[in-house]
Amino acid sequence: NRMFDDTLIIFTSDHGDMLGDHHMWRKTYAYEGSAKIPLIVVLPRELRAGIASRSDAPATLYDIMPTILDVLGIDIPDKVDGISLRPSLYGDDSESREFIHGEHCWCYSPIQECQYITDGKTKYVYLPGMDQEQLFDLEKDPGELHDASKDPEYKEVLEKWRGELVKILDSRGDGYTRNGRPVSWTDDGPIVSPEYKKRLDSSPVNWNNYHAKIQGKID
């Protein structure tokens, strides 16, 4: 089929859904059921020689655009956050990202707010609403059933990934960290965008009272 031979095909999706994993539903979570999505790439026939059947390189949705541009021979703008996955398609992960950082504000419940980092083999999760860390060895525990954050055997691993998250949050300059750790709600309340108050003040709905009520600060 000439059209198939000449077409770059990328199959992926938006976030997943917990579907009962960990007795949870819907999205917003750092766990694999919500955060991990499919990514299948089929190159045009003339580019398929030497292509790998699988890559374990961490990838995210904002890598899609630069990958398409690279495959088509179009320059990738310097300002994009993503990277081309083309080398990984041929088994070369030397230029791939080390890990992915993900985050979500609270949505259905304040305890859902999360920050996480994963390289696909290990996942570090921080839950500001509970001041709780979680660590999962995804190679040994792909179902994320054992939280290794309190396991002495994983102490250095925990400190490494906590440190990487702190570096990312520190770079924003928004006060998301303190004394080498992420800031929890128990310190300062919900982590919010610097533009958050502006949006609340300009909204016709009194979101300040709504959010304060949910947090138990007013009757």
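A residue is called buried when its relative accessible area is under 20%. By that cut-off Glu 144 is buried, because its relative accessible area is 4%. The structure described here is a predicted model, and Glu 144 makes a handy starting point for a walk through it. Glu 144 sits in the loop that runs between β6 (132-137) and α5 (155-172). Its backbone deserves a look as well: the phi of Glu 144 is near 50 degrees, a positive value in a residue other than glycine.

His 22 also has a positive phi, of about 55 degrees, although it is not a glycine. The loop that holds His 22 lies between β1 (9-12) and α2 (32-35). His 22 has a relative accessibility of 30% and therefore counts as partly exposed.

Charged pairs come next. Side chains of opposite charge can pair when their charged atoms come close. How many salt bridges does a search of the whole structure find? The search returns 11. One of them joins Glu 103 to Arg 172, with the closest N and O atoms 2.5 Å apart. Glu 103 belongs to strand β3 (residues 100-104) and Arg 172 to helix α5, so this pair ties together parts that are 69 residues apart in sequence. Both partners can be placed on the accessibility scale: Glu 103 counts as partly exposed at 39% relative accessibility, and Arg 172 counts as partly exposed at 31%.

A salt bridge also brings together the side chains of Arg 181 and Glu 133, at 3.7 Å from N to O. Here too distant parts of the chain are linked, with Arg 181 in strand β8 (residues 181-182) and Glu 133 in strand β6, 48 residues apart. Are the two partners buried or partly exposed? Arg 181 is partly exposed, at 33% relative accessibility, whereas Glu 133 is buried, with a relative accessible area of 9%.

Within helix α5, Glu 164 forms a salt bridge with Lys 167, the closest N and O atoms being 3.9 Å apart. These two residues are 3 residues apart in the helix, so about one helical turn separates them. Glu 164 counts as buried at 15% relative accessibility, while Lys 167 is exposed, with a relative accessible area of 55%. Elsewhere, salt bridges that share partners join Glu 32, Lys 123 and Glu 144 into one network. This is the Glu 144 met at the outset, in the loop between β6 and α5.

Glu 133 has further partners. Its side chain makes a polar contact of 2.7 Å with the side chain of Tyr 124. Leaving aside residues up to four places away in sequence, Glu 133 touches a set of residues that includes Tyr 124, Val 125, Tyr 126, Asp 147, Ser 149 and Lys 150. Leu 158, Arg 162 and Arg 181 are also among the residues that Glu 133 touches.

What is the setting of Tyr 124? Tyr 124 is found in strand β5 (residues 122-127). It is buried, with a relative accessible area of 0%. With residues up to four places away in sequence again left out, the contacts of Tyr 124 include Gln 115, Tyr 116 and Ile 117, as well as Glu 133, Gln 134 and Leu 135. Leu 158, Trp 161, Arg 162, Leu 165 and Pro 182 are also among the residues that Tyr 124 touches. The C-alpha atoms of Tyr 124 and Val 157 are separated by 9.1 Å, and the two residues are 33 residues apart along the chain.

Attention now turns to empty space. Rolling a probe the size of a water molecule over the atoms shows where such space is left. The largest pocket holds about 1,700 Å³ of space. Of the 49 residues that line this pocket, Ala 35, Lys 36, Ile 37, Ala 59 and Ile 100 are the closest to its centre. Which elements each supply at least two residues of the lining? They are β1, α2, β2 (39-42), α3 (64-71), α4 (86-89), β3 and β4 (114-118). The largest share, 5 residues, comes from β3, the strand in which Glu 103 lies. By residue type, the lining of the largest pocket divides into 24 nonpolar, 14 polar and 11 charged residues.

Definitions and conventions:
Residues are numbered from 1 along each chain as its sequence is written. This is a predicted model: local features need pLDDT of at least 70, side-chain atom pairs count only at pLDDT 80 or more; totals for chains, interfaces and linings use all residues. Side-chain values use heavy atoms; hydrogens and water are left out. Helices (H or I, at least four residues) and strands (E, at least two) are DSSP runs, numbered from the N terminus. Buried means under 20% relative accessible area, exposed over 50%, partly exposed in between (1.4 Å probe, protein chains only). A salt bridge is a side-chain nitrogen of Lys or Arg within 4 Å of a carboxyl oxygen of Asp or Glu. A polar contact is a pair of N or O atoms within 3.5 Å; within protein, one must be able to donate a hydrogen and the other to accept it, and residues adjacent in sequence count only if both atoms are side-chain atoms. Contact means heavy atoms within 4.5 Å. On a 1 Å grid over the protein atoms alone, a cavity is a set of points where a 1.4 Å probe fits but cannot get out, and a pocket is an open set with protein on both sides within 12 Å along at least five of seven lines; lining residues have an atom within 4 Å of a point. Grid points are joined across faces, edges and corners, and a volume is the space filled by probe spheres set on the points. Ala, Val, Leu, Ile, Met, Phe, Trp, Tyr, Cys and Pro count as nonpolar, Asp, Glu, Lys and Arg as charged, and the others, Gly among them, as polar.
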